[in-house]
Amino acid sequence: METPAPAPLAETLAAIAAADPQALEGIRVAALGKAGWVTAALKTLGAMTPEARQAQGPRIQALRSEIAGAIEARKAVLDAAAREAQLAREGLDLTLPVTAAPRGSVHPVSQVMDELAEIFADLGFAVATGPEIEDDWHNFTALNMAETHPARAMHDTFYFPDRDADGRQMLLRTHTSPVQIRAMVQQGAPLRIIAPGRVYRSDSDATHTPMFHQVEGLVVDEGIHLGHLKWTLETFLKAFFERDDIVLRLRPSYFPFTEPSVEVDVGFAMDKGRRVLGGDGDAPGHGWMELLGSGMVNRRVLQAAGVDADRYQGFAFGVGVDRLAMLKYGMDDLRAFFDGDNRWLAHYGFSPFDQPTLSGGVGARA
Ligand code: PHE
């Protein structure tokens, strides 16, 4: 058998040190594979004389293990580098801020309700709630609305067909005023609450939907008078619309549950065909917009709720939340509020990070 020309050791070791995984496998096959030159050298031992074998054996074995060792070492280096590269590629930096935009948005009605709660909390008002399925006593009778009151008509109010187990006529509440009754019955006087929530009336056009939102305000204490009502509404509206030039006009009105009753108008200016609240409604180019109903709590209402009407007085107001949202954020069709159209929500909705706070401002950034 022909002795294969021994590839120089130094050259092989240098090639191993520089090899990539593929070249390394080639070098291994060429040296240590079945037909490799080191393997061939090992095969020559059999034909040698014992003396020659004794001399050549350890030399060839040493050559074989030096090359095998170098290949192992290079392989370890290459594997480690490959692992490093993979870790770098697949690594997740958990300290990085989230970059994906939050999906969904806060509905303007929810945003405005949060703003209202924030403003009134600062004035010492708690948030009260009541059921949307209400009984006729809380919704009408206790609020001094006579059996003949037009709001009680079947075509204005959604009644349930059957009476409940206690014989009560149930309905979808037509305003948030029944929460006044519930709050007074439960907590007595003195009292300071707002009650935001859904209300229902049989009405539907561009400015009316069968379901809409109101916020009720109620203060009951000793010595409460119309001045307190006016100051509270003025303070609230200035904070809500974030303008100091909000001007109110109080007009005599009628609600069965308040006496006297006051309709509140707010002065506005025309700006590019749009009404913008602010300024004296009697100034040139200005006008008055009817915004809310209010008044001093009728003593019959206090009595119905078990409050001593000789000792306590109160004021109350009710205002449409959807209306407030439209005026502040510039939408003009109420029906779009309840369509659930994603494009509308993406445009008019708010970021969940836009929490109204007194320190940060109750108006969301546009
Ligand atoms: N409840 C009345 C309405 O729905 C509003 C109102 C509330 C008026 C409180 C006066 C006092 O129209």
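**Exercise 1. State how far apart the centres of domain 1 and domain 2 lie, and give the domain bounds.**

Solution. The centres of domain 1 and domain 2, taken over C-alpha atoms, are separated by 90 Å. Domain 1 spans 6-89 and domain 2 spans 108-348; such bounds come from an automatic or database domain assignment. The model is predicted: local features need pLDDT of at least 70, side-chain atom pairs count only at pLDDT 80 or more, and totals for chains, interfaces and linings use all residues. Residues are numbered from 1 along each chain as its sequence is written, and side-chain values use heavy atoms, with hydrogens and water left out.

**Exercise 2. Describe the setting of S261.**

Solution. Step 1: S261 sits in strand β7 (residues 258-271); strands are DSSP runs of E, at least two residues, numbered from the N terminus. Step 2: S261 counts as buried because its relative accessibility is 4% (buried means under 20% relative accessible area, 1.4 Å probe, protein chains only). Step 3: a polar atom of the S261 side chain lies 3.0 Å from the backbone nitrogen of F255.

**Exercise 3. Work out how the ligand is held in its shell.**

Solution. Step 1: the ligand is surrounded by 14 residues, each with a heavy atom within 4 Å of it. The closest are H175, S177, R201, Q214 and E216. Step 2: a polar side-chain atom of S177 is 2.9 Å from a ligand nitrogen atom. For Q214, a polar side-chain atom lies 2.9 Å from a ligand oxygen atom. Step 3: the protein covers 89% of the 330 Å² of accessible area that the ligand has on its own (Shrake-Rupley method, 1.4 Å probe). Step 4: β10 gives the largest share of the shell, three residues.

Definitions and conventions: Helix = DSSP H or I, 4+ residues; strand = E, 2+ residues; numbered from the N terminus. Buried < 20%, exposed > 50% of the residue type's maximum accessible area, 1.4 Å probe, protein only. Polar contact = N/O pair within 3.5 Å; in protein donor to acceptor, adjacent residues only side chain to side chain.
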